[in-house]
Structure formats: structure tokens, C-alpha cells
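Work through these exercises with the sequence and the 3D structure open. Try each task before you read its solution.

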Amino acid sequence: MKVTSSIFFASLLLCFASCSSSDDNEEKDMEKPVIEESQDPNKANPIPCQIYNRGDVIPFRYVFTDNDELGNFNIEIHNNFDHHTHGTASVDCPLDEKKKPVNPWVYNQDYPIPSGLKTYEAKTEIQIPKDIDPGDYHFMIRVTDKAGWQQIAAISIKVK
């Protein structure tokens, strides 16, 4: 009885050990996507410290790349009236005095990236409402690849 049980459990263990998923043989994506940064508004927009007027349109232009496959991107815009940071800014911009928001601009939109792409030129137009509080804002860009890795860029802009 002990021998039969031992053979059964050994066979069962061997069966489980020999089974493997196809994912085990594939190389896993361990790299974050890249947001191509440029201080040239002809290559990337918006760039740090740009000033816009209420009612203007922000022409969003950025290139995203990934070693394997891109997923989607998100744009979020929120006020920086309290002078907080996100730790990704490459440039310090002059800030207005701190203030309490009354009617701040809040924007948050997801955008798809077509399947199978390693490089994507993102372009969209973002309308600035006419009735928002003027002042300092953060323009947040988030790009996520198919594996779930995310890259973030926080760009300081001003709305007059």
C-alpha cells in the first residue's frame, strides 16, 4: 500500500512538474514606456512654463515609445494653486501666489493607442474653458504599455 501510494504521488508530482504554461517560455516585458521629452514646442507640446489664455486650445503633441507594445495614454489637468509637485518636472517655472480654488479647471481623459504599436505620435486638441480660475496648472501625461508599466510626466503650465 505504501509503495502504491508513493508511486501515485511521485507520478502526480512528475505530471505537475512537466506542465508549464507558454508564458514561462516568453520573455516578460519589464520596461516602462517612454514619453519623448523636448523643450521644442514644434516637437512636443505643451512644454514647461507655457502660458495659455482661457478659451484657447492646447495642441497636444507627444511621441510615446515602448520596447514591446504600447497600451493607452491619459491626460489630466489640475490646478497647482497650492504649489505642490509631482517630482517629474525638468524645469522650475515661476509661480503665482498661493490661492484657494473657486472654479478650477479639472480635465481627465483616457485615449486608446492602436494595438501592436511600439511608437505612437499622440495628437489631440484640448479646449480650455473660458470660465475657469486663471493660474498655475499641472498638465499630467501618463502612458501605459500592454504589460501595465506606466510612465508619468508632469508639465507646469499657466492659464491667464
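**Ground rules and overall figures**

The chain exposes about 10200 Å², and 53% of that comes from carbon and sulfur atoms. Accessible areas follow the Shrake-Rupley method with a 1.4 Å probe, and for residues only the protein chains shown count as cover. This is a predicted model: local features need pLDDT of at least 70, side-chain atom pairs count only at pLDDT 80 or more, and totals for chains, interfaces and linings use all residues. Residues are numbered from 1 along each chain as its sequence is written, and side-chain values use heavy atoms, with hydrogens and water left out.

**Exercise 1. Outline the chain.**

Task: list the secondary structure, then state the buried share and the share of long-separation contacts.

Solution.
- Step 1. Count the elements: one helix and eight strands. Helices (H or I, at least four residues) and strands (E, at least two) are DSSP runs, numbered from the N terminus.
- Step 2. Read their order from the N terminus: α-β-β-β-β-β-β-β-β.
- Step 3. Take burial. Of the 160 residues in the chain, 35% are buried. Buried means under 20% relative accessible area, exposed over 50%, and partly exposed in between (1.4 Å probe, protein chains only).
- Step 4. Take contacts (heavy atoms within 4.5 Å). Among those with a separation of 6 or more, 75% are between residues 24 or more positions apart.

**Exercise 2. Trace the disulfide.**

Task: find the cysteine pair, place both ends and say how covered each one is.

Solution.
- Step 1. Apply the cut-off: a disulfide is a pair of cysteine sulfur atoms within 2.5 Å. The whole structure yields one.
- Step 2. Name the pair: Cys49 and Cys93, with S to S at 2.0 Å.
- Step 3. Place the ends. The pair links distant parts of the chain, 44 residues apart. Cys49 is in the loop between strand 1 (34-35) and strand 2 (51-52), and Cys93 is in the loop between strand 4 (70-79) and strand 5 (107-112).
- Step 4. Get the hand: -95° about the S-S bond makes the link of Cys49 and Cys93 left-handed.
- Step 5. Check cover. Cys49 counts as partly exposed because its relative accessibility is 31%. Cys93 has 15%, so Cys93 counts as buried.

**Exercise 3. Order the strands.**

Task: work out which strands pair, and in which sense.

Solution.
- Step 1. Set the rule: two strands pair if DSSP finds at least two bridges between them. Strands of a sheet pair through backbone hydrogen bonds, either parallel or antiparallel.
- Step 2. Build the open sheet. Its five strands run 2-8-7-4-5, with mixed pairing. Strand 2 and strand 5 are the edges, each pairing on one side only.
- Step 3. Look at one edge. Strand 2 and strand 8 (residues 150-159) are parallel, over two bridges. Ile51 stands opposite Lys158 in strand 8.
- Step 4. Move to strand 3. Strand 1 and strand 3 run antiparallel, joined by two bridges. Val34 has Thr65 in strand 3 as its bridge partner.
- Step 5. Add strand 6 (residues 119-127), which pairs with strand 3 in the antiparallel sense over nine bridges. Here Val57 has Gln127 as its partner.
- Step 6. Compare the faces of strand 3 (residues 57-65). Ile58, Phe60, Tyr62 and Phe64 form the covered face, while Val57, Pro59, Arg61, Val63 and Thr65 form the uncovered one.
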